[in-house]
Amino acid sequence: MKQSITLGSVTRFIGLAGFLETIKNVFTGKLDKEDFKNIFRKVIMPLASVLLFFAVWYLSANKLHEIEADHLINKALVEQGPAEAEKLRACIASGDKSCQPNALPSPVQVWGAYQTLLADHYVISADKKAFKKKTASLNAKRIANGEKPITYTGRPSFVDQIFTSIITVFAGFLLALFIAVPIGIVIGLSHTLRSSVNWLIQIFKPVSPVVWFLLVFMIVKTFTKNSSSDSAFIICFISVGLCSMWATLVNTAMGVSSVDKDYINVAKVLKLGPMQKVFKVILPSSLPLIFTGLRITLSVAWMVLIAIELLAQSPGLGLFVWEEFQNGANDSNSKIIAAMFVIGLIGFMLDRIMLTIQKMVSFNKND
Amino acid sequence: MNTTLLENNQSNTYLENGILYPSSNVMLDLAHLKKVYPTPKGDYIVLQDLNLKIMKEEFVTIIGHSGCGKTTMLSMIAGLNEISGGTISVLGKHIKDPGPDRGVIFQSPSLMPWMTALENVLLGVNQVFPQATKSQRNDIAKYYLQKVGLEDAFNKKATELSQGMQQRVGIARAFAIKPKVLLLDEPFGMLDSLTRGELQDILIEIWNKEKITAVMITHDVDEAIFLADRVVMMTSGPKAKIGDILNIEFERPRTRKSVLEHDDYYKYRKHLIDFLEH
């Protein structure tokens with residue numbers, strides 16, 4: 001099934017097909033009564049909700065800003081006298097960045113922070129390139145002599161952090177896949193095994209990511225005592241994997257154990273061997289449920305990743321958010337909100353990718 | 001008509017329903033068959049002391065009220081349902097488990113929806129003819145798909161086929177493994193009457209060629225008469241057994257028209273309906 005990537009398939013992929021198609025109909029003039037209803041439902045209402053969201057955000061940010069400013073001015077009045085207070089009021093009113101109170105940033109500030117982060121990324125990547133150029137000949141010599149090459153040790157940019165996070169989440173996701181799917185198949189096949197390990201699944205499934213992180217830390221610490229490598233990444237992806245694998249485990253076991261009785265009867269009548277029964281009948285028929293589980297696993301993995309990166313001090317978006325919070329610079333809050341949108345968008349894209357795969361493996365096209 | 005079952009083991013023949021059969025001709029033998037389902041209120045006896053002999057190359061239809069235990073009996077013959085008492089033998093050998101010597105056409109087509117029509121038929125063919133080459137097995141599967149009129153749908157996924165076409169694949173799958181006995185559990189019950197007629201024609205056409213002993217459950221009196229050499233009527237449960245057997249003496253190959261126009265047709269029909277209404 002070769003399919004060229006068209007604008008249509010992209011918009012369908014991100015779930016905007018209805019919206020864009022309706023707009024297209026408006027401009028091509030193909031309208032009837034049903035279309036007006038559609039325009040209202042698919043274009044006007046979504047746009048209105050976006051506007052409403054930003055309006056509420058903007059107004060509440062202003063209000064919070066005002067409250068914080070009043071508080072600061074009052075404090076200055078009490079502690080430093082009216083002259084200082086008046087100076088501060090003037091400073092805040094002038095929009096000078098150095099004296100702004102630290103509150104919920106407005107959409108404009110977040111947009112500014114986003115652009116700062118991008119600019120910062122370009123500076124850092126240019127810096128990296130220059131460093132690579134400078135050390136190229138030296139590194140070649142060092143490698144020839146059997147020495148370790150010199151690597152860039154500067155601060156990672158925001159975009160670097162995004163990629164680190166995506167790599168970590170995929171490592172965790174793959175770990176979950178390789179643990180949960182085989183175990184799920186085995187316990188799905190055996191009723192005895194299923195009921196005997198059920199307690200374990202029920203107890204470990206709701207455990208919080210923070211506790212998983214601590215558990216993994218306890219274990220990995222022992223193994224990495226003598227190694228010089230950074231164990232933060234290992235701890236991080238293992239915790240993510242363990243924390244997110246339960247949905248896949250449960251779904252796989254359920255899919256395997258609830259194969260349509262008709263298919264099992266066919267397999268019995270044809271006297272398929274156990275391996276053939278598993279690979280030709282049971283697995284294909286439970287694939288849709290397995291992929292539903294994997295989709296949940298990936299979205300859980302992405303959600304807990306941020307918290308675990310923060311705890312493990314492993315590079316990535318979680319650490320970025322935490323460092324910005326600790327940093328407390330006047331645009332830190334804006335950067336955190338900018339990161340929040342990036343995290344949300346990436347999570348959304350990951351879910352869409354899984355949904356597409358899920359639709360591909362689903363044999364029931366009516367689903 | 002004589003409804004008792006007379007057996008004469010000494011003389012290697014036996015008399016059933018007024019016809020004398022040689023014992024060596026028996027393909028399927030149900031003897032004192034019993035099925036019990038334990039319930040909290042005590043045992044529920046579905047079948048008791050059910051005796052039936054089915055000859056080689058015979059087509060038998062089984063008719064009876066819903067819930068009388070027809071399907072239970074058929075799935076016991078298929079080996080999918082445990083036998084509580086008595087025996088079932090195929091060519092004199094007791095059966096316990098399911099196996100490809102007894103092909104089943106289920107009520108729902110039961111095709112693997114992730115496979116194509118050809119792959120569904122091959123699933124059985126590969127199992128039954130492991131020594132054959134891949135192309136030979138492909139040829140067998142394709143031959144039977146052609147026989148059921150699906151030569152254009154080899155590579156269509158099962159989900160892309162209509163209910164009637166899916167059941168055609170089910171028929172091809174059952175014949176392609178060349179079973180000794182073919183068991184059909186109301187295979188056309190879910191189809192509209194036009195499609196049902198088509199599939200009856202297809203079934204009987206293949207059957208005329210292959211002459212595989214067939215046992216078919218149906219609710220449709222006309223279908224029972226059109227297809228069968230004998231119509232077996234089961235009494236209502238619990239403790240169901242064979243109530244009556246009707247020999248259908250139309251010549252084969254039959255056409256629907258010749259059957260409908262035959263003088264005996266309405267006599268047979270009346271006999272069956274009288275039984276069912278009592």
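## Exercises on a two-chain predicted model

Chain B holds an open sheet of four strands in the order β5-β4-β7-β8, with antiparallel pairing. Its edge strands, each pairing on one side only, are β5 (42-55) and β8 (93-94) of chain B. Keep in mind that this is a predicted model. The exercises below start from this sheet and then move outward.

### Exercise 1: Inside the four-stranded sheet

**Task.** Work out how many bridges join β4 to β5 in chain B, and which residues stand opposite each other.

**Solution.**
- Step 1. Find strand β4, residues 26-39 of chain B; ten bridges join β4(B) to β5(B), and the two run antiparallel.
- Step 2. Look at the turn: a hairpin of two residues leads from β4(B) to β5(B).
- Step 3. Check a pair beside the turn: Thr39(B) has Gly42(B) in β5(B) as its bridge partner.
- Step 4. Now take another pair: Leu28(B) stands opposite Ile54(B) of β5(B).
- Step 5. Turn to β7(B), which five bridges join to β4(B), again in antiparallel fashion. Here Ala31(B) faces Thr87(B) of β7(B).

As background, the strands of a sheet pair through backbone hydrogen bonds, either parallel or antiparallel.

**Task.** Which helix lies across β4, β5 and β7 of chain B?

**Solution.**
- Step 1. Go to residues 70-78 of chain B, which form helix α1.
- Step 2. Follow α1(B) across β4, β5 and β7 (85-90) of chain B; the helix runs at about 65° to β5(B).

### Exercise 2: The six-stranded sheet

**Task.** What is the strand order of the open sheet of six strands in chain B, and which strands are at its edges?

**Solution.**
- Step 1. Read the order: β9-β10-β11-β6-β12-β13 of chain B, with mixed pairing.
- Step 2. Pick out the strands that pair on one side only: β9 (102-105) and β13 (242-247) of chain B are the edges.
- Step 3. Consider the twist: on average, and ignoring direction, neighbouring strands of this sheet are turned by 20° against each other.
- Step 4. Choose one pairing within the sheet. Strands β10 (residues 181-185) and β11 (residues 213-217) of chain B run parallel and are joined by five bridges. One of the bridge pairs links Asp185(B) with Ile217(B) of β11(B).
- Step 5. Add the helix: α4 (residues 163-176) of chain B lies across β9 and β10 of chain B, and it runs at about 180° to β9(B).

### Exercise 3: Chain B as a whole

**Task.** Why does chain B count as being as compact as a globular protein of its length?

**Solution.**
- Step 1. Count the elements: chain B has eight helices and 13 strands.
- Step 2. Compare two values: the radius of gyration of chain B is 19 Å, close to the 19 Å that the globule rule gives for 278 residues, so chain B is as compact as a globular protein of that length.
- Step 3. Look at the span: along its principal axes, the C-alpha trace of chain B covers about 50 × 45 × 45 Å.
- Step 4. Ask about burial: 40% of the 278 residues of chain B count as buried.
- Step 5. Consider contacts: among those in chain B with a separation of 6 or more, 68% are between residues 24 or more positions apart.

### Exercise 4: Core and chain contact

**Task.** Which residues have the most contacts inside the largest nonpolar core?

**Solution.**
- Step 1. The largest nonpolar core has 136 residues, and those with the most contacts inside it are Ala301(A), Val121(B), Ala172(B) and Val215(B).
- Step 2. Helix α12 (residues 274-312) of chain A gives this core its largest share, 16 residues.
- Step 3. Take Val215(B): among the residues it touches are Ile54(B), Leu74(B), Val181(B) and Leu183(B).

**Task.** How many residues does each chain bring to the contact between chain A and chain B?

**Solution.**
- Step 1. Chain B gives 16 residues and chain A gives 15 residues.
- Step 2. On the side of chain B, helix α2 (residues 117-128) supplies the largest share, three residues.
- Step 3. That side of chain B divides into ten nonpolar, six polar and no charged residues.

### Exercise 5: Two residues of chain A

**Task.** Are Ser190(A) and Leu355(A) buried, partly exposed or exposed?

**Solution.**
- Step 1. Ser190(A) sits in the loop between α6 (158-189) and α7 (191-204) of chain A.
- Step 2. Ser190(A) has 14 C-beta neighbours inside 10 Å, so it counts as partly exposed.
- Step 3. Leu355(A) belongs to helix α14 (residues 332-361) of chain A.
- Step 4. With 15 C-beta neighbours inside 10 Å, Leu355(A) counts as partly exposed.

Key:
Residues are numbered from 1 along each chain as its sequence is written. Chains are lettered from A and ligands numbered from 1 in the order in which they are written. This is a predicted model: local features need pLDDT of at least 70, side-chain atom pairs count only at pLDDT 80 or more; totals for chains, interfaces and linings use all residues. The radius of gyration is taken over C-alpha atoms; the globule rule is 2.2 Å times the number of residues to the power 0.38. A residue is buried if 20 or more other C-beta atoms lie within 10 Å of its own, exposed if 12 or fewer, and partly exposed in between; C-beta atoms are placed from the backbone. Two residues are in contact if their C-beta atoms, placed from the backbone, lie within 7 Å. Two strands pair if DSSP finds at least two bridges between them. Axes are lines fitted to C-alpha atoms, for helices over the stretch in contact, and angles run from 0 to 180 degrees between N-to-C directions. A nonpolar core is a set of buried Ala, Val, Leu, Ile, Met, Phe, Trp, Tyr and Cys residues joined through C-beta atoms within 7 Å. Ala, Val, Leu, Ile, Met, Phe, Trp, Tyr, Cys and Pro count as nonpolar, Asp, Glu, Lys and Arg as charged, and the others, Gly among them, as polar. Lists of a residue's contacts leave out its neighbours within four places in sequence.
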